[in-house]
Amino acid sequence: MSSSYDAVVVGGGHNGLVAAAYLAKAGRRVRVLERLDHVGGAAVSAHAFDGIDARLSRYSYLVSLLPQRIVDDLGARVRLLRRRYSSYTPDPTNGGRTGLLIGPTSTFGAIGAAEDEARFAEFYRRCGGLVERLWPTLLEPLVAREQARRLVDDDAAWRMMVDDPIGHAITSAVDNDLVRGVMATDALIGTFARLDDPSLIQNVCFLYHLLGGGTGDWDVPIGGMGSVTGALAAAAAGFGAEITCGAEVYAIDPSGEVRYHCDGADRTVRGDVVLANVTPTVLAGLLGEEVPVSTPGAQVKVNLMLRRLPRLRDDAVTPEQAFGGTFHINETYTQLNEAYARADAAVAPDPLPCEIYCHSLTDPSILSDKLRVAGAQTLTVFGLHTPHRLVSTGDPDRMRDTLTSAVLNSLNSVLAEPIHDVLMEDSEGRVCIETKTTLDLEHSLGMTGGHIFHGGLAWPFVEDDEPLDTPAQRWGVATAHDRILLCGSGARRGGGVSGIGGHNAAMAVLEG
């Protein structure tokens, strides 16, 4: 027995919930099918350690690309906090005894880069003019490349961010190796590429990291990432969308028929349209089509629970300042290139470039009263240049241990005390370390190759000769089938916790 809906959404991640909410708000009958026993996908909070009352953002952790307009349109109770500092980067050439703090006060002089401070600011001023013009277009029908270039109206900024490898612009802008690395990391988060890669995939990644809100600010969600998903799910349900968890979709027909397994039985539902909040590779499998080649992911994430923040070797900054923004470790420009070369040869980088986020410093609400009083903190460590093939071949458990050790060793290289000295233990006496590799993302979340952007980002505009004849094409959510649309990170202008893919899929449906 089957039932019919105006739209069936496959996958209850945040984009699927956004699409469902917009369509339900417009009076459409909507059904969301989620494989797991909870919605949210990668945007979830969890009690990761037994007996530790802390809600960690287990996978995704910061918010930049979620437009306020989506939040307002849906009446979603999403609250974000700005971090006090932008970043801190210990100098690896002296073991972290000095470092670069960027925030209300900056310390370029401490690392011998005083002359780069104004150049650094000018570089981001030029970038800011471009992203400020492009940001509003992400919630509009796609524009062509030449139209986007005219909209930006700054040929020099366009060349450095869109036409030429971003590494060239960075090395031309500043001289200090550490300052160059701080700038370069935004081009490499979840992307495996050299900074001078002619494919420019690093440029696309860089653009999206600066694009959010037209400012590039990355904010902390109050209550953790799960609070964002919870607010979007509540909005969708409030407008009348039906959300079914524990519903594993195993086949989709181009006619709109969706088959899934739930509560021990095979079931069928039909939609006038089907919105796929899964990777394009997963969608091809559900359609029974040839699976396309997908770009694999290239990161490792380690969650830590600390009794307190560790002491630093740099006595010019406090741990609260250093961990109050993004803490960069072993991410000079040279180290990033060397790490890529090692990983490209199927060897884990040593030292591993990492960056750290301390959610609880900005938002202590994720901790119990007892933990807050005791001074406990959470750390999320994100390791770069760890491509999927490192863990998908050979012994994945052994490589997970290798990458975990690489993360901790990299961190210890700039601390005044071993990180193990401040790690908490769970109720079973195990140290509070949780590692998530690309293989874990593939198995637990269905992210093909563990790619956090569902297979690679694309420019937020189309080439001048690309067709924009249908609503789905105009909104960047088209597939080869008229009744099936992408609505997740695999859509054009998808990626990150943004809701943009869901919004644009809903707009295509309503326009059609």
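In this predicted model, in which local features need pLDDT of at least 70, side-chain atom pairs count only at pLDDT 80 or more, and totals for chains, interfaces and linings use all residues, the axes of helix α3 (residues 116-134) and helix α8 (residues 201-211) come within 9 Å and cross at roughly 80 degrees. Axes here are lines fitted to C-alpha atoms, for helices over the stretch in contact, with angles from 0 to 180 degrees between N-to-C directions, and helices are DSSP runs (H or I, at least four residues) numbered from the N terminus. The crossing makes α3 roughly perpendicular to α8 (65 to 115 degrees; under 35 counts as roughly parallel, over 145 as roughly antiparallel, and the rest as oblique). F123, Y124, C127, L130, V131 and L134 of α3 meet F206, L207, L210 and L211 of α8, contact meaning heavy atoms within 4.5 Å. By class, this contact of α3 with α8 comprises 10 nonpolar, no polar and no charged residues.

F123 recurs in the largest nonpolar core, which has 120 residues and in which F123, M161, I252 and L275 have the most contacts; such a core is a set of buried Ala, Val, Leu, Ile, Met, Phe, Trp, Tyr and Cys residues joined through side-chain atoms within 4.5 Å, buried meaning under 20% relative accessible area with a 1.4 Å probe, protein chains only. Helix α1 (residues 14-25) gives the most to this core, with eight residues. Apart from this core lies another, of 35 residues, including L352, L390, L403 and I419. Residues are numbered from 1 along each chain as its sequence is written, and side-chain values use heavy atoms, with hydrogens and water left out.

Notes
Buried < 20%, exposed > 50% of the residue type's maximum accessible area, 1.4 Å probe, protein only. Helix = DSSP H or I, 4+ residues; strand = E, 2+ residues; numbered from the N terminus. Nonpolar A, V, L, I, M, F, W, Y, C, P; charged D, E, K, R; others polar.
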